[in-house]
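User: Please take a close look at one part of this model. I would like the sheet and the helices that pack on it, in one connected account.

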Amino acid sequence: MNVLVTGGAGYIGSHTCVELLDQGFGVVVIDNLVNSSAKAIERIEQITGKHVDFYQEDVRNRAALDRIFEKHDIGCVIHFAGLKAVGESVHMPLEYYDNNLFSTVRLCEAMRDHGVRDIVFSSSATVYSSENPIPWKETYITGNCTSPYGWTKYMSEQILRDTTKAVDDFSVSLLRYFNPIGAHSSGLIGEDPRGIPNNLMPFISQVAIGRRDHLNIFGNDYDTPDGTCVRDYIHVVDLARGHVAAIDYMKKHRGESVFNLGTGMGYSVLDMVKAFERVTGVKIPYEIAPRRPGDLPAFYANPDKSAKLLNWHAQYNLDDMCRDTWAWQSKNPMGYGEE
Ligand code: NAD
Ligand code: UFG
């Protein structure tokens, strides 16, 4: 079966393409490269020894989607394409709503019209309302999002649910990711943020390689064991495999499904710094900075539903995540920018 991967040149998309190809799927990628490099596609081919049909197009371009659906026999879509910087979305809400919502709408229209019925969607733990007790379960309340980015995930989930109700046999698997980190063990693909990294792990690894002189830890006075925020970090390869499990699940279970993809373990910012130092032997200088607006003290997944219904479990631990992040960063100090 061929899978259309939107945003397949990006961080999570590229790792998912590798898992799909390794498991015998054909892969067609559409990505406008707004936050990625075509080199990722070459690297996917290098790792797997298989070909990827790549289209540098915008998912909002309906004519481009039509051409792709006409040319390839697509059995399923995985929709990663989107803008994802939480802080940027607060300053550019219209760009985020335009990109993230219209891409979802155009894609659903094209699927409806070309008879493609299965879609896996990149949602996020950010859709859960902060009032929920932790760990978060799929049945918990969503909404009260704290950023336009979060609202685009919440609204895209709704667009996909409504399409599922209206279009005969349409099925969606909404995957709510916790905090993906790490890289493929080859060190050939990984996370390559543009500009100053927003997220913790890319920042730590850029300090380690000497691109930044220290890490700012945003707050050490939270009500957590060491005062720094706690998150559920998940290896990107485990996350990628969750998508393959979701495709499998949809073969037998039609309609809407929602799954958390997390490990169920919470680690603090200081835990992450210490683990990275222990695994790599590289010291990470840090300073305590003010809290970052919008950060929650702690959240992590209850992954029981994914374990039970998808038969999916995260296999990699924190040391694996740090080792593979470092393999990628040390082999590619400037990400895909350097050859
Ligand atoms: P990424 O930026 O590396 O990948 C997204 C890809 O989509 C990029 O290659 C980008 O060029 C492409 N893209 C964006 N808009 C497009 C458009 N209109 N048309 C075609 N291509 C477009 O990000 P990622 O970390 O791989 O995230 C993938 C998905 O997972 C995103 O939807 C993101 O919101 C979601 N997600 C990510 C995280 C995380 O922490 N990384 C957490 C939860 C959810
Ligand atoms: N942090 C620092 N210094 C940094 C960067 C981050 O101390 O330079 C801290 C943050 O304050 C937070 C923790 O590290 O306490 C994790 O921050 P990230 O930015 O890596 O991750 P978030 O949990 O804030 O957000 C991530 C994704 C969002 C997604 C959310 C929930 O970036 O897209 O998880 O899934 F919505």
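Analyst: Two strands count as paired here if DSSP finds at least two bridges between them. This is a predicted model. On that basis, seven strands form an open sheet with parallel pairing. Their order is S3-S2-S1-S4-S5-S6-S11. The edges are strand S3 (53-55) and strand S11 (256-261), each of which pairs on one side only. From one strand to the next, the twist averages 20 degrees.

Start at the S3 edge. Strand S2 (residues 26-30) joins S3 in the parallel sense, over three bridges. Val 29 has its bridge partner in S3, namely Phe 54.

Now the helices. Helix H5 (residues 93-114) lies across three strands: S1 (2-6), S4 (74-79) and S5 (118-124). H5 runs at about 170 degrees to S4. Helix H6 (residues 148-166) also packs on the sheet. H6 touches S5, strand S6 (171-177) and S11. The direction of H6 makes about 155 degrees with that of S5.

H6 deserves a further look. The helix has 19 residues. From first C-alpha to last, H6 reaches 26 Å, close to the 27 Å expected at 1.5 Å a residue. Its buried residues begin with Pro 148, Tyr 149 and Gly 150. Thr 152, Lys 153, Ser 156 and Glu 157 are buried too. So are Leu 160, Arg 161, Thr 163 and Thr 164. The buried residues of H6 pack against S5, S6 and S11, and also against two helices, H4 (86-91) and H5.

Terms used
Residues are numbered from 1 along each chain as its sequence is written. Chains are lettered from A and ligands numbered from 1 in the order in which they are written. This is a predicted model: local features need pLDDT of at least 70, side-chain atom pairs count only at pLDDT 80 or more; totals for chains, interfaces and linings use all residues. Side-chain values use heavy atoms; hydrogens and water are left out. Helices (H or I, at least four residues) and strands (E, at least two) are DSSP runs, numbered from the N terminus. Axes are lines fitted to C-alpha atoms, for helices over the stretch in contact, and angles run from 0 to 180 degrees between N-to-C directions. Contact means heavy atoms within 4.5 Å. The expected span of a helix is 1.5 Å times one less than its number of residues. Buried means under 20% relative accessible area, exposed over 50%, partly exposed in between (1.4 Å probe, protein chains only).
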